[in-house]
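Q: Could you take a close look at one part of this model for me, and then walk me through what surrounds it? I'd like to follow the reasoning as well as the result.

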Amino acid sequence: MKSDSIQATICQERKKDPIEMLHSGQLIKVCAPMVRYSKLAFRTLVRKYCCDLCYTPMIVAADFVRSMKARDSEFTTNQGDCPLIVQFAANDARLLSDAARIVCPYANGIDINCGCPQRWAMAEGYGACLINKPDLVQDMVKQVRNQVENPRFSVSIKIRIHDNLAKTVDLCRKAEATGVSWITVHGRTTEERHQPVHYDAIKIIKENMSIPIIANGDIRSLKEAENVRQITGTDGVMVARGLLTNPAMFAGYEETPLKCIWDWVDIALELGTPYMCFHQHLMYMMEKITSRQEKRIFNALSSTSAVLDYLTDHYGI
């Protein structure tokens, strides 16, 4: 666990409270937890382009608690990295509350991943299998509430929906009764991957809840974000792939502006982003603005200096 300025990031000094933001009536724009991608450098970039709230990639709570190496590699933050939610994969209330206590001074809250449909996660008892274990979800929320002294520290969950939506509404009501701060709903079932998102289901969940709800799934522009909010009545929208291909989308850009690409270069180099991650983000960002031939050339580049030369030659400094 690393911080450029540990003292400056203690929770009491974080002026932007995500709970207050989600109760403001404004559309809150959220960067999703993305394995390998929603790390400090990318969070820094999207915050420059009107992203209100960022999540870390999913971190396995058991590893985080037991291993200093895992803490150092999985969680990096700095003074400007707020408001920030740390997402954990967990199936044990005590381990989750221990993890929450570790990150509490450096984040605004934690999120329990109840939506990841990957087989490895479900086999370990993490992710989307938790939507069928409401008692365990309640226990985890209670334990974090009991162990973390800061009353403004948020505890949220991110879920998928059931085929029988009544079960999802029941899960959400139980989580709300236990003190969950808000719920993010990905509008697909565990089995669905690329099928259309069930925004009607998110709307029903929102209508049955008093706490804020964030809509997630297939949002690729600011206009789509505003439409989803209008359809569902939710308090925020969470975006993953749309931000990868266009980190400036929340600022209203239809495709990644060149300034955003150069901002990424500056941020990534300043923060020491590993080359593979640095390059992969650029491949996503340039997807819509490069030809097939240009993609082949750019994607084959193998060093930071080669990437910088390419960008300078093709797009100027």
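What is the relative accessible area of C116, and does that make the residue buried or exposed?

A: Happy to! Please keep in mind that this is a predicted model. C116 has a relative accessible area of 11%. Buried means under 20%, so C116 counts as buried. UniProt, in an unreviewed entry, annotates C116 as "active site".

Let's place the residue in the chain. C116 sits in the loop that links β7 (109–114) with α6 (119–123). If we set aside neighbours within four places in sequence, its contacts are A121, M122, G127 and A128.

From that loop we can step back to β7, which runs parallel to β8 and is joined to it by six bridges. Within this pairing, N113 is found opposite K158 of β8. K158 also has a bridge partner in β9, namely T184. The pairing of β8 with β9 (residues 183–186) is parallel too, and it spans four bridges. Between these two strands the chain passes through helix α8 (residues 165–178), giving a right-handed β-α-β crossover.

How covered is β8 itself? Across residues 154–160, seven of its seven residues are buried. In a regular strand, side chains alternate between the two faces of the sheet. In β8, S154, S156, K158 and R160 point one way, while V155, I157 and I159 point the other way. Both sets are buried.

The end of β9 leads us to another annotation. H186 belongs to the "binding site" positions that UniProt lists in an unreviewed entry, together with P33, M34, V35, Q87, A240 and R241. From this set, P33, M34, V35, Q87, H186, A240 and R241 are part of the lining of the largest pocket.

Two of these residues are worth setting beside C116. V35, in the loop between β2 (28–31) and α2 (40–47), has a relative accessibility of 44% and therefore counts as partly exposed. A240 lies in the loop between β11 (236–239) and α11 (241–245), and its 26% makes it partly exposed as well. Not counting residues up to four places away in sequence, A240 touches A32 and M34, and M34 is itself on the "binding site" list.

To come back to your question, C116 is buried at 11%, whereas V35 is partly exposed at 44% and A240 is partly exposed at 26%.

Conventions. Residues are numbered from 1 along each chain as its sequence is written. This is a predicted model: local features need pLDDT of at least 70, side-chain atom pairs count only at pLDDT 80 or more; totals for chains, interfaces and linings use all residues. Side-chain values use heavy atoms; hydrogens and water are left out. UniProt positions are given in the numbering used here, feature names are shortened, and annotations may be inferred rather than shown by experiment. Buried means under 20% relative accessible area, exposed over 50%, partly exposed in between (1.4 Å probe, protein chains only). Contact means heavy atoms within 4.5 Å. Two strands pair if DSSP finds at least two bridges between them. A crossover is right-handed if, with the strands pointing away from the viewer, the path from the first strand over the helix to the second runs clockwise. On a 1 Å grid over the protein atoms alone, a cavity is a set of points where a 1.4 Å probe fits but cannot get out, and a pocket is an open set with protein on both sides within 12 Å along at least five of seven lines; lining residues have an atom within 4 Å of a point.
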